[in-house]
Amino acid sequence: MTDQLQRRGVQAPAPVMPSASKLTPLGLDEVRITGGFWGDRQQVNADNTLPHILDWITRLGWLENFARMARGDGTHDGREFADSEIHKLLEGLAWEIGRTGDEWAERTFQEVSAVVVAAQAPDGYLDTNFGGPGQRPRYSDLEWGHELYCAGHMIQAAVARLRTHGSDPYVEAAIRLADHIVREFGPQGRNGVCGHPEIEVALAELGRATGDRRYLEQARLFVERRGHGLLDEGEIGAAYFQDDVPVREAEALRGHAVRALYLSSGAADVADEFGDEELAEALRAQWATTVARRTYLTGGMGSRHEGEAFGDDFELPSDRAYSETCAGVGSIMFSWRLLLAEGEERYADLIERTLFNVVATSPDEDGTAFFYVNPLQRNVPGTAGNDDTVSPRASSSLRAPWFAVSCCPPNVARTLASMAAYVATKTDDGVQLHQYAPATIRTPIAAGEVGLRVETAYPENGVIRVVVDESPAEEWSLSLRVPAWAAGATATVNGEPVEVSGDQLVVRRPFVEGDTVELTLPMAPRWTRPDHRIDDLRGTVAVERGPVVLCAESTDFPAGTDLLDLEVDPSQQPVSDGDGATVSLVSRAESDGAWPYTPEPVTAATAALTARLIPYHRWAERGPSTMRVWLPERSRARD
Ligand SMILES: [Zn+2]
């Protein structure tokens, strides 16, 4: 065991480490974000968000659930998945320790994880809501009990701990839990799956982290079992659980969005580790269809409040958008696995879009209040949440400090703490940059050690400068992603212009220290139009600036302006204005009739105004307001 664990400890500290993939991920010890948009958020996450989560799980008794279980008390506070928030906090702490070696994070990890580990049953089972005194029997409610979901989050957190610290009692406990699950649900065990996928992606990574194929086999078994109606669909329907169609036969993501995205991530790991090209092809096609037909401009996924689910194709209403923060995290997980496997930058494009417009939108600037749902329009001013009360999950209209279902805050925390792992990858032949942030990168490739420094104020401006600090003598390739929106991007190498075409700038040469590659992405704000089949968006336009979606927020308009009255003329270009844009609009003064439908268009007086659009991720930071991303085009017929 000891030898095995020592071998585990030398893995790169990153969330996803495929045995073999086209692109090799880099660990938190190889990429460091040194500041800027994401560096600032990582600091807020460390300083405020992680302690904030600890505070809430403590005061609500969710952590105490473990202590009670350890002393034979089956009293349980919170929902059936409350355990998972403690595990996600531990995962966030583990990445933070890997990122900075923070002492508070290390001490907190040890203290919290000791409480968790003490609750483990002798046979490895660990869940505070089942099997204890007065509780329902283990695995008696696979549809809604979330036991394997919670186990999955413990295993993911343990993988983070293993890769950033090495084994410890929490890691050992997670391995005992995984062994218990393999015994219980293996080929000869219960023919069941969890109502909420997550165990698949977790076991696959534990298999990678420990080299123990049994966990990968179990992940594969869970993926293959789904879609055969093993779960009681009740009133909600089997698609909610992705139990309607086998993963390899589905055409698009459907049902509960977070469930679908976690399952897809685990299935991508299984396809990768078993060389299952049929499954991989099915997942690629599902990703492409989902992105083309079921994804918001923000990268958000899930358009139905009912079932927190994907809608039909092109069913993407702005005001009723669900777009759960966790679905954004799940989308990044799925896209990242496909990027590693395929090497195609379209996956990194979606990751970027989702990072800037979903993940960055959820927490407020202090990192202590969060959006659970991320609609693209709000017609009634939200009500500010009380700093000291728990909100029901999606009903809070502004960011709330905590939720009865509080999956999103710790999901953001673990993502931000591990964010450096998504910045760059390598191959034998070079290094690929996928996300732009001020960073240092140091990693060996086949020819020798590569050291890079990324200097950028992105997305404030579009200049990305990569300075070579160390290079092997032989030539190698440095690649920089050119986002799909960045038509007209330019680049230089040591000041000399080079051509930019396609989705990557690839510079191949024998680099020497001081060589500088500079990519300039066009950051002028631009109009974006929706596919005409998105019926809710017909006749509207949005403004994007680089990877950032902009929005109109009532705070920036004259008092009394109803954003529903606004129209724009997209023949006039939006004007760059800091991190936003200024646009010319008209406001229609249309009074209420007795009936809001008429045989002919209503003639209305209009008033011209100029207003600033701000990044969507910054909305609702200035008190209750209304907001919209998509603006109706001015309709001449009605004037
Ligand atoms: Zn969530």
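**Helix α9 and other features**

Colleague: I see that α6 (147-164), α7 (169-185), α8 (199-210) and α10 (257-273) are among what covers the buried residues of α9. Which residues of α9 are buried?

Modeller: Buried means under 20% relative accessible area, with exposed over 50% and partly exposed in between (1.4 Å probe, protein chains only), and covering rests on contact, heavy atoms within 4.5 Å. In α9 the buried residues are Tyr 215, Leu 216, Gln 218, Ala 219, Phe 222, Val 223 and Arg 225. The general idea is that an α-helix has 3.6 residues a turn, so residues three or four places apart point the same way.

Colleague: Before we go on, what am I looking at?

Modeller: This is a predicted model, in which local features need pLDDT of at least 70 and side-chain atom pairs pLDDT 80 or more, while totals for chains, interfaces and linings use all residues. Residues are numbered from 1 along each chain as its sequence is written, and side-chain values use heavy atoms, without hydrogens or water.

Colleague: How many residues does helix α9 have, and does its span agree or disagree with what is expected?

Modeller: Helices (H or I, at least four residues) and strands (E, at least two) are DSSP runs, numbered from the N terminus. Helix α9 covers residues 213-225, 13 residues that should span 18 Å at 1.5 Å a residue (times one less than their number). The end C-alpha atoms of α9 are 18 Å apart, so the two agree. After α9 comes Gly 227, with a positive phi near 95°.

Colleague: On to the metal. Which residues are the protein donors of the zinc ion?

Modeller: Donors are N, O and S atoms within 2.8 Å of the metal (3.2 Å for Na, K and Ca); water is not among the atoms, so sites may look incomplete. Here Glu 324 (OE), Cys 326 (SG), Cys 407 (SG) and Cys 408 (SG) lie 2.1 to 2.3 Å from the zinc ion. Along the chain these donors follow the spacing E-x1-C-x80-C-C. Glu 324 sits in the loop between α11 (277-293) and α12 (325-342), and Cys 408 in helix α14 (residues 408-417), so this pair ties together parts 84 residues apart in sequence. Both Glu 324 and Cys 408 are buried.

Colleague: How do I read the open sheet: what is the order of its five strands?

Modeller: Strands of a sheet pair through backbone hydrogen bonds, either parallel or antiparallel; two strands count as paired if DSSP finds at least two bridges between them. The order here is β1-β4-β5-β9-β12, with mixed pairing. The edges are β1 (24-25) and β12 (504-509), each with a single partner strand, so one side of each has no neighbour in the sheet. Inside the sheet, β5 (residues 430-433) and β9 (residues 476-481) run parallel and are joined by four bridges, with Gly 430 opposite Ser 477 in β9.

Colleague: In strand β6, which side chains point to one face and which to the other?

Modeller: The side chains of β6 (residues 439-445) alternate: Ala 439, Ile 441, Thr 443 and Ile 445 are buried on one face, while Thr 440, Arg 442 and Pro 444 point to the other and are not buried. Strand β2 (residues 31-33) runs antiparallel to β6 over three bridges, with Val 31 opposite Ile 441. On to β7 (residues 448-456): β6 pairs with β7 in the antiparallel sense over seven bridges, and a hairpin of two residues joins them. Arg 442 stands opposite Gly 451 in β7.
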